[in-house]
Amino acid sequence: MLRVLALAVVVLLGIAPEPSQAISIYTGWERHALVGSDIRLSCSFFSWRFVSDDVSFTWIYRPDGSRETVSIAHYAGGEAYTDNKGRFKDRVEFVGNPKRRDGSILIKNLDFSDNGTFTCDAKNPPDIVGRPSSVRLLVFENLPIQAGVITGAIIGVVLGLLVLIVVIYYLMRFLVARRVFSLSVSKHGKKKKEGSQQRQLWTPPPLTCYPLP
Amino acid sequence: MLILIGLSILHLATIILLLVATIDNAWWVTEGMSTDVWARWILQNGAWNYTDLPDLPSYPSDYLQAVQATSVLACIFSIIGIFVFIAQLFTLPKGQRFTISGVFQILACLFIMIAASIYTDRFHINDKGNYGHSYILAWIAFGLTFISSVVYFVLRKK
């Protein structure tokens with residue numbers, strides 16, 4: 001009976017008209033990189049439907065300070081297409097796994113002119129209504145210290161040491177107490193054996209009677 | 001009894017001084033600027049604006065983060081210290097000293113000293129201006145935490 005019910009629920013969910021859930025696309029917010037290095041821009045999506053064979057990813061680049069956009073990578077119908085004419089020629093590679101909802105790209109040999117916003121648009125037909133997500137790329141000559149890293153590191157290390165010292169102290173006390181306890185138990189056991197041999201020699205204390213008032 | 005109350009008040013006073021020194025952005029003040037370990041207040045057109053501190057290489061922001069961390073740690077140790085002191089009041093056997101509370105206070109003293117020393121050595125070496133109230137309170141807190149920890153190390157529970 002329960003199995004029939006479960007099967008019915010699954011079938012109903014499968015054929016019922018889908019509530020209008022949009023596809024949700026996730027990329028990073030901001031990425032920092034050094035000149036000359038490679039960077040992997042990740043893009044993944046969430047969709048209520050299974051990954052279809054027509055899943056597609058599109059990456060669009062908008063340079064800093066410009067309003068014009070240009071497509072640099074596209075994946076559709078099982079094939080990945082990358083920029084072969086523009087500024088990212090031969091530098092972009094599609095490294096995602098669309099079957100696992102991953103549409104990441106790898107950009108090689110970064111330059112200062114690559115500063116800008118990269119937008120990922122994913123479509124999982126028939127789930128195509130979604131908001132593309134953007135990640136901002138910042139290319140540095142020297143990676144700046146991110147705000148608060150040193151602060152957090154110092155505080156974390158000192159408090160960690162404090163916790164460690166307290167834990168070790170209580171552990172030592174516990175272990176020492178256990179050893180002392182086991183030692184005293186063995187001593188007490190020996191004493192008990194000797195005590196039983198001497199019991200015949202033990203006489204009860206004399207009863208003292210008090211005269212009634 | 002009176003000593004204990006006095007000691008608690010001293011400890012609370014050091015906590016308050018440490019918190020003000022850490023939170024208030026006033027380690028260095030000039031006529032139109034009050035700056036510190038977290039941000040900078042700039043007087044523009046009669047209104048104080050909250051702005052970010054400058055970054056490397058003009059301003060040693062890595063040492064700034066060390067000052068931030070050590071002053072926060074001083075506050076944390078002092079606050080833990082007061083709770084430990086209250087716990088020790090009830091659990092310590094007679095005749096024993098308040099060593100652990102003393103240890104926390106001396107750690108707070110050490111850390112605020114490190115914070116203030118780094119700030120004195122690395123910041124505003126050639127600038128015009130004065131040290132602000134947070135900086136002064138940091139040094140006063142250093143002295144008071146030192147006195148407090150010495151008293152904890154010497155005092156015996158009756």
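**Exercise 1.** How many bridges join strand 2 of chain A to strand 11 of chain A, and do the two run parallel or antiparallel?

*Solution.* The model examined here is a predicted one. Begin with the two strands themselves: strand 2 covers residues 30-34 of chain A, while strand 11 of chain A covers residues 133-140. Between them there are 5 bridges, and the two strands run parallel. To place one residue in this pairing, take A:His32, whose bridge partner in strand 11 of chain A is A:Leu138.

**Exercise 2.** Find the order of the strands in the open sheet of chain A, and then explain why one side of strand 2 and of strand 7 is left without a neighbour.

*Solution.* First, write down the order, which is 2-11-10-5-6-7 for the 6 strands of this open sheet in chain A, and note that the pairing is mixed. Next, look at the edges, where strand 2 (30-34) and strand 7 (79-82) of chain A stand; each has a single partner strand, so one side of each lacks a neighbour in the sheet. Finally, add the twist, which averages 20° from one strand to the next.

**Exercise 3.** Describe chain A as a whole, starting from its elements and ending with its surface.

*Solution.* Chain A has 2 helices and 11 strands, and from the N terminus on the elements follow the pattern α-β-β-β-β-β-β-β-β-β-β-β-α. Of its 213 residues, 25% are buried, a residue being counted as buried when its relative accessible area is under 20%. Among contacts between residues at least 6 apart in sequence, 61% join residues at least 24 apart. The accessible surface of chain A is about 15800 Å², and carbon and sulfur atoms account for 63% of that surface.

Conventions: Residues are numbered from 1 along each chain as its sequence is written. Chains are lettered from A and ligands numbered from 1 in the order in which they are written. This is a predicted model: local features need pLDDT of at least 70, side-chain atom pairs count only at pLDDT 80 or more; totals for chains, interfaces and linings use all residues. Side-chain values use heavy atoms; hydrogens and water are left out. Helices (H or I, at least four residues) and strands (E, at least two) are DSSP runs, numbered from the N terminus. Buried means under 20% relative accessible area, exposed over 50%, partly exposed in between (1.4 Å probe, protein chains only). Contact means heavy atoms within 4.5 Å. Accessible areas come from the Shrake-Rupley method with a 1.4 Å probe; for residues, only the protein chains shown count as cover. Two strands pair if DSSP finds at least two bridges between them. Axes are lines fitted to C-alpha atoms, for helices over the stretch in contact, and angles run from 0 to 180 degrees between N-to-C directions.
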